[in-house]
Amino acid sequence: MNITLRQATPADTAFLLQLRGLTMGPHIAAMGLPTSEEDYLDRVNYRFDCAQIIMVDNQAAGLFKTCFLPEKNQWFLVQVQVHPDFQNRSIGRTLVSQLLEQATADHADVYLTVFKSNPAQRLYSHLGFEKVGETEHEFEMLWQYRPEL
């Protein structure tokens, strides 16, 4: 299995809207939050400049959106969404692990938010993220860079 990333383009919008509905729609609906196409499009467009399409063997398999925030010396893991046809293949784990390697090289932390109902929070905890706050619907999690002694 060959996992690569490519920059998202406006031509990917239909795929990203479908992906949002498939991967996040059930969590969003369960919380009673809006699930209209317009709401999904707002989230797709948020930090679109940082959006990368996950490619598995040259097939679009998801979204990986990360941004470096130099003022905080921190990577922001904005979104990870893996299409259901590609889930349970460690794709998300692989990409987040690679981000942690990049953060280590940068001597930077990694921050994310995750819906409280999203089982991905177990993966984040396993990779060393700790809950540092919460809102009504999300946990805020932080992976802190620790220099080796």
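Which pattern does the protein chain follow when read along the sequence? In this predicted model, the answer is β-α-α-α-β-β-β-α-β-α-β-β. The legends below start with the whole chain and then move in.

**View 1. The whole protein chain, with its 5 helices and 7 strands.** The radius of gyration is 15 Å, close to the 15 Å that the globule rule gives for 149 residues, so the chain is as compact as a globular protein of that length. Along the principal axes, the C-alpha trace spans about 50 × 35 × 30 Å. Of the 149 residues, 44% count as buried. Take contacts between residues at least 6 apart in sequence: 58% of these join residues at least 24 apart.

**View 2. An open sheet built from 7 strands.** Walk across the sheet and you meet the strands in the order β1-β2-β3-β4-β5-β7-β6, with mixed pairing. The edges belong to β1 (3-7) and β6 (130-134); each has a single partner strand, so one side of each is left without a neighbour in the sheet. On average, neighbouring strands here are turned by 30° against each other, direction ignored. As a reminder, strands of a sheet pair through backbone hydrogen bonds, either parallel or antiparallel.

**View 3. The hairpin of β3 and β4.** Strand β3 (residues 59-69) pairs with β4 in the antiparallel sense, over 8 bridges. Between the two strands lie 4 residues, and in this turn N73 has a positive phi of about 45°. Further along the ladder, look for L63, which stands opposite Q81 in β4. Strand β4 itself (residues 74-82) is mostly covered, with 8 of its 9 residues buried.

**View 4. Q81 and its surroundings.** This residue lies in strand β4. Is Q81 buried or exposed? Its relative accessibility is 3%, under the 20% cut-off, so Q81 counts as buried. Leaving aside residues up to four places away in sequence, Q81 touches L19, R20, T23, M24, I54, A61, G62 and L63. One of these contacts, L63, is also the residue opposite Q81 in the pairing of the strands.

**View 5. From β4 over a helix to β5, and on to β7.** Together, β4, helix α4 (residues 91-106) and β5 make a β-α-β unit, and the unit is right-handed. The two strands of the unit, β4 and β5 (residues 109-115), pair in the parallel sense over 4 bridges. Here L77 has L112 in β5 as its bridge partner. Strand β5 also runs antiparallel to strand β7 (residues 138-143), and 6 bridges join these two. For a landmark in that pairing, find Y111, whose bridge partner in β7 is L142.

**View 6. The disulfide between C50 and C67.** A disulfide is a covalent bond between the sulfur atoms of two cysteines. The structure holds 1 of them, and it joins C50 to C67 with an S to S distance of 2.2 Å. The pair links distant parts of the chain, 17 residues apart: C50 sits in the loop between α3 (37-45) and β2 (51-56), while C67 belongs to strand β3. Why is this disulfide right-handed? The torsion about the S-S bond of C50 and C67 is about 125°, and therefore the disulfide is right-handed. Both C50 and C67 are buried.

Note on methods: Residues are numbered from 1 along each chain as its sequence is written. This is a predicted model: local features need pLDDT of at least 70, side-chain atom pairs count only at pLDDT 80 or more; totals for chains, interfaces and linings use all residues. Side-chain values use heavy atoms; hydrogens and water are left out. Buried means under 20% relative accessible area, exposed over 50%, partly exposed in between (1.4 Å probe, protein chains only). Two strands pair if DSSP finds at least two bridges between them. A crossover is right-handed if, with the strands pointing away from the viewer, the path from the first strand over the helix to the second runs clockwise. A disulfide is a pair of cysteine sulfur atoms within 2.5 Å. Axes are lines fitted to C-alpha atoms, for helices over the stretch in contact, and angles run from 0 to 180 degrees between N-to-C directions. Contact means heavy atoms within 4.5 Å. The radius of gyration is taken over C-alpha atoms; the globule rule is 2.2 Å times the number of residues to the power 0.38.
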